[in-house]
Amino acid sequence: MSVIEEERIRGGVFKDINAEDEDQQPTVIESLCMNCYENGSTRLLLTKIPFFKEIIISSFTCPHCNWTNTEIQSAGRIQEQGVQYTLQVKAKEDMNREVVKSDAASTRIPQLDFEIPAFTQKGSLSTIEGLLDRAVAGLEQDQPIRKATDPAVAEKIEEFIERLKKLKEVEEEFTLIIDDPSGNSFIENPFAPQKDAALTVAHYKRTPEHNSALGIETEEEEEDSEKPGNDLDSMRNEVLVFNTNCPECNSPANTNMKLVQIPHFKEVIIMATNCDSCGHRTNEVKSGGATEELGTRITLHLTDPSDMSRDLLKSETCSVLIPELEFELGMAALGGKFTTLEGLLKDIKDLIVSKNPFMCGDSSTADRAEKLELFGQKIDKIIAGEMDVHIVLDDPAGNSYLQNVYAPDLDPEMKTEKYTRTFEQNEDLGLNDMKTEGYAEK
């Protein structure tokens, strides 16, 4: 391996995936084939995929036995929350959905009581059919030895392999669940930007066991609540600054945190990070209060371009709907934000169009690109006041807010509803297992 190749790997020269980039060449390393124990070659490519951050694609080929192997590893940061994708596979077309599966992700098919535990397979960029083929290949690998040493077990595994193969024909509906505590896995939504009725995405807070498995377990330091300047009144009057790392370039940066009282609403915590190295800026909003007894649904009828300047607080648990576009943005997709209505719509456009991984490279198709471009044009028309639409903020935790420009009077174009959460919504918020009364009793 040359000195230049070593520097490319150690230095982490990441480049955007571009089919027209002739300079994007992989690094070739001579490697041992684990099938015939002759020397083969491994090709490494450090790339950036929009929405998935940096990844390392490796491909091994052996010219002696023709054995090949491909892997994908995340080279970016572990996300703040874990993610679980639940897909109802109903038709053969679903087998062609693209899937990014990291090392830390587990895969389950409840109908077969089948599970691929985390860290038992390398990361892969494949399809649903490719995941099933890889599982079949893994089970078939030691079948000749099993047939010789334990025929009964080999026969049962053979029957199970046949059941897995039949899933590819989709004669019956089945469920595929990918659970990734690192948050770096993904299942394609072919109907984007519309909601996919067959695909459910749930973000969750990692447990200490998850953090330990990912190697990010940290010791929590107890703070003395009686120290000067640590009381709530002092925090309201000052901006707290603490050290962190930039989520883009990983350079040291500062995060500012401030308690802010929103008129006619409640107290929130605004956190902002500025990176002097790469110029990246990010902000996040956390609710400063408890989960409300009732959920909140705010519906605003846009009648004037001045509506774009309304202040808006979207919590992590809030979903955004635009019924006229048949569009729904699930909770946690954009995180918590304190912005204007125009800022929210621009963030939605960036997420669906600009940062969509299926809008570039080999993943892009003419129909999909045209549909997403049309969606972006409709968002621009809404911002310009050229479309008559409704914006719905649905927050089961009741911690989202949209400015009423007529306050304290009622806004004729805005309707705020309080509703009782369903069992599923309480489950998502972790309230069903929360005991708030008599918790000290045995």
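How many residues does helix α2 have, and what should they span at 1.5 Å a residue? Helix α2 (residues 128–140) has 13 residues, which should span 18 Å. The end C-alpha atoms of α2 are 19 Å apart, and that agrees. Keep in mind as you look around that this is a predicted model.

## The chain as a whole

Let's step back for a moment. The chain has 442 residues, and 36% of them count as buried. Its secondary structure comes to nine helices and 25 strands. Take the contacts between residues at least 6 apart in sequence: 61% of them join residues at least 24 apart. The accessible surface comes to about 26,100 Å², with 48% of that belonging to carbon and sulfur atoms.

## Two helices, each with a buried side

Back to α2. Its buried residues are I128, L131, L132, A135 and V136. They cover an arc of only 135 degrees around the axis, so they sit on the same side of α2.

Helix α4 can be checked in the same way. It runs over residues 151–167, and its 17 residues should span 24 Å at 1.5 Å a residue; the end C-alpha atoms are 25 Å apart, which agrees. Buried in α4 are A154, I157, F160, I161, L164 and L167. These cover an arc of only 125 degrees around the axis, which means that they are on the same side of α4. What do the buried residues of α4 pack against? Their partners are β8 (106–109), β9 (114–116), α2, α3 (143–149) and β11 (174–180). Turn to the face of α4 that points away from its buried side, and you find the exposed residues P151, E155, K156 and K166.

Here are the numbers for the helices:

| Helix | Residues | Expected span | C-alpha end to end |
|---|---|---|---|
| α2 | 128–140 | 18 Å | 19 Å |
| α4 | 151–167 | 24 Å | 25 Å |

## A look at T127

T127 is found in strand β10 (residues 124–127). Is T127 buried or partly exposed? With a relative accessible area of 25%, T127 is partly exposed, because buried means under 20%. Leaving aside neighbours within four places in sequence, T127 is in contact with M95, N96, R97, E98 and V99. T127 and K101 are 26 residues apart in sequence, and their C-alpha atoms are 9.8 Å apart in space.

## A sheet of five strands

Now for some sheets. Strands of a sheet pair through backbone hydrogen bonds, either parallel or antiparallel. One open sheet here has five strands in the order β21-β20-β23-β18-β25, with antiparallel pairing. β21 and β25 (414–419) stand at the edges with a single partner strand each, so one side of each has no neighbour in the sheet. From one strand to the next, the twist averages 15 degrees. Helix α7 (residues 341–354) packs on this sheet and touches β18 (295–301), β20, β21 and β23. The direction of α7 makes about 95 degrees with that of β21.

Zoom in on β20 (residues 319–322). It pairs with β23 (residues 390–395) in the antiparallel sense over three bridges. Three bridges also join β20 to β21 (residues 327–329), and this pair runs antiparallel. V320 has a bridge partner in each of these strands: L393 in β23 and L329 in β21. L321, meanwhile, stands opposite E328 in β21.

What do β20 and β21 form? They make a hairpin with four residues between them, and E326 in the turn has a positive phi of about 55 degrees.

S319 lies in strand β20 too. At 11% relative accessibility, S319 counts as buried. Not counting residues up to four places away in sequence, S319 touches E328, L329, G330, M331, V392, L393 and D394.

## A sheet of four strands

Another open sheet has four strands in the order β14-β15-β16-β17, and its pairing is antiparallel. Which strands are at the edges? They are β14 (240–245) and β17 (281–287), each of which pairs on one side only. Neighbouring strands of this sheet are turned by 25 degrees against each other on average, direction ignored.

Inside this sheet, β15 (residues 252–261) and β16 (residues 267–274) pair in the antiparallel sense over eight bridges. One example to find in the structure is N256, with A272 as its bridge partner in β16.

Definitions and conventions. Residues numbered from 1 in each chain as written. Predicted model: local features only at pLDDT ≥ 70, side-chain atom pairs only at ≥ 80, totals over all residues. Heavy atoms only, no water. Helix = DSSP H or I, 4+ residues; strand = E, 2+ residues; numbered from the N terminus. Buried < 20%, exposed > 50% of the residue type's maximum accessible area, 1.4 Å probe, protein only. Contact = heavy atoms within 4.5 Å. Expected span 1.5 Å × (residues − 1). Arc of directions from axis to C-beta. Pairing = 2+ DSSP bridges. Axes fitted to C-alpha atoms, helices over the stretch in contact; angles between N-to-C directions. Areas by Shrake-Rupley, 256 points an atom, 1.4 Å probe, with all protein chains shown as cover.
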